[in-house]
Amino acid sequence: MLELAILGFLADEPLHGYQLRRRIAHLSGHARPVSDGSLYPAINRLVKAGLLDRRAEPGASAAQRHTLSLTAPGRTELLRRLRDADGLEISDSTRYFTVLAFLSQLPDTADQHAVLRRRLEFLDQPSSFFHDGDLPLGVEDTSDPYRRGMLTIARATSRAERVWLREVLS
């Protein structure tokens, strides 16, 4: 998802590595901090694959700054990753939010809606953090107050998201 975020933010405009790291950190939040040790190797992979262009510019001090921009093959790859989002990219909320953050980059509304329908299908399936065998347990099935809290919050979030998805898809 780091590579998708890099491609997505650079689809908006060229950025320096520092600016890119800050935007990704804001998107992923405290749950998944972005270190230089993961960001810059990902950038290097994307540059080597021809998906990004890196251009050196004079910096404020003696050090040069590098501006990153998306290449035409990079835009094609971004659109492919968005269009084909499925599996964990749909079921894992953090990954899905990364997809959702850049979904407007897909020019075809039908492609956007196909991704949203996959998410809605996932949300419409019975699920829980806790199970009795294969049976998902709901709020009413546990007396632990903290597990009840988790399930209550998840249920409310899922309900709100399903309402939003149905509005967008109608």
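A polar contact is a pair of N or O atoms within 3.5 Å, of which, within protein, one must be able to donate a hydrogen and the other to accept it. In the predicted model described here, the side chains of Q105 and D12 are joined by such a contact, at 3.1 Å. Q105 belongs to the loop that connects α6 (93–102) with α7 (109–123). A polar contact of 3.4 Å also links the side chain of Q105 to the side chain of R75. When neighbours within four places in sequence are set aside, the residues in contact with Q105 are A11, D12, R75, L78, L79 and L82. Both partners of the polar contacts described above, D12 and R75, thus appear in this list.

One of the residues touched by Q105, A11, is part of helix α1, which spans residues 2–12. This helix is mostly covered, with nine of its 11 residues buried. The buried set consists of E3, L4, A5, I6, L7, G8, F9, L10 and A11. A11 is therefore a buried residue of α1, under the criterion of less than 20% relative accessible area.

The loop between α1 and β1 contains P14. The relative accessible area of P14 is 46%, so this residue is classed as partly exposed, a category that lies between the limits of 20% and 50%. Apart from residues up to four places away in sequence, P14 touches T67, L68 and S69. P14 and L103 are separated by 89 residues in sequence, and their C-alpha atoms lie 19 Å apart in space.

The residues touched by P14 lead to the sheet. Three strands form an open sheet in the order β1-β3-β2, and their pairing is antiparallel. Strands β1 (15–16) and β2 (52–58) occupy the edges; each has a single partner strand, and therefore one side of each is left without a neighbour in the sheet. Helix α3 (residues 36–48) packs on the sheet and touches β2 and β3. The direction of α3 makes an angle of about 115 degrees with that of β2.

The pairing within the sheet can be described strand by strand. Strands β1 and β3 run antiparallel and are joined by two bridges. In this pairing, H16 has T67 of β3 as its bridge partner. T67 is also one of the residues touched by P14. Between β2 and β3 (residues 64–70), seven bridges are found, again in the antiparallel sense. Here P58 is partnered by Q64 of β3, while R54 stands opposite L68 in β3. L68, like T67, is among the residues that P14 touches. In a regular strand, the side chains alternate between the two faces of the sheet.

Aromatic residues were examined next. A pair of aromatic rings is described by the distance of the centres and the angle of the planes. The structure holds three aromatic pairs. In the pair formed by Y96 and F97, the ring centres are 6.2 Å apart and the planes meet at 45 degrees, so the pair is tilted. This assignment follows because planes under 30 degrees apart count as stacked and those over 60 as edge-to-face, with the rest counted as tilted. The two residues are assigned to separate accessibility classes: Y96, at 0% relative accessibility, is buried, whereas F97, at 47%, is partly exposed. The ring of Y96 also has a charged group over it, since the charged end of R119 sits 4.3 Å from the ring centre.

The loop between α7 and β4 (131–132) includes S127 and S128. S127 has a relative accessible area of 57% and is therefore exposed, whereas S128, with 18%, is buried. The C-alpha atoms of S127 and L137 are separated by 8.0 Å, although these residues are 10 residues apart along the chain. The side chain of S128 takes part in polar contacts with backbone atoms. A polar atom of this side chain lies 3.0 Å from the backbone oxygen of F130, and the side chain of S128 also reaches the backbone oxygen of L137 at 2.5 Å. Beyond residues up to four places away in sequence, S128 touches P136, L137 and L151.

Key:
Residues are numbered from 1 along each chain as its sequence is written. This is a predicted model: local features need pLDDT of at least 70, side-chain atom pairs count only at pLDDT 80 or more; totals for chains, interfaces and linings use all residues. Side-chain values use heavy atoms; hydrogens and water are left out. Rings of Phe, Tyr and Trp (its six-membered ring) pair if their centres lie within 6.5 Å; planes under 30 degrees apart count as stacked, over 60 as edge-to-face and the rest as tilted. Buried means under 20% relative accessible area, exposed over 50%, partly exposed in between (1.4 Å probe, protein chains only). A charge sits over a ring if NZ of Lys or CZ of Arg is within 6 Å of the ring centre and within 35 degrees of the ring normal. Helices (H or I, at least four residues) and strands (E, at least two) are DSSP runs, numbered from the N terminus. Two strands pair if DSSP finds at least two bridges between them. Contact means heavy atoms within 4.5 Å. Axes are lines fitted to C-alpha atoms, for helices over the stretch in contact, and angles run from 0 to 180 degrees between N-to-C directions.
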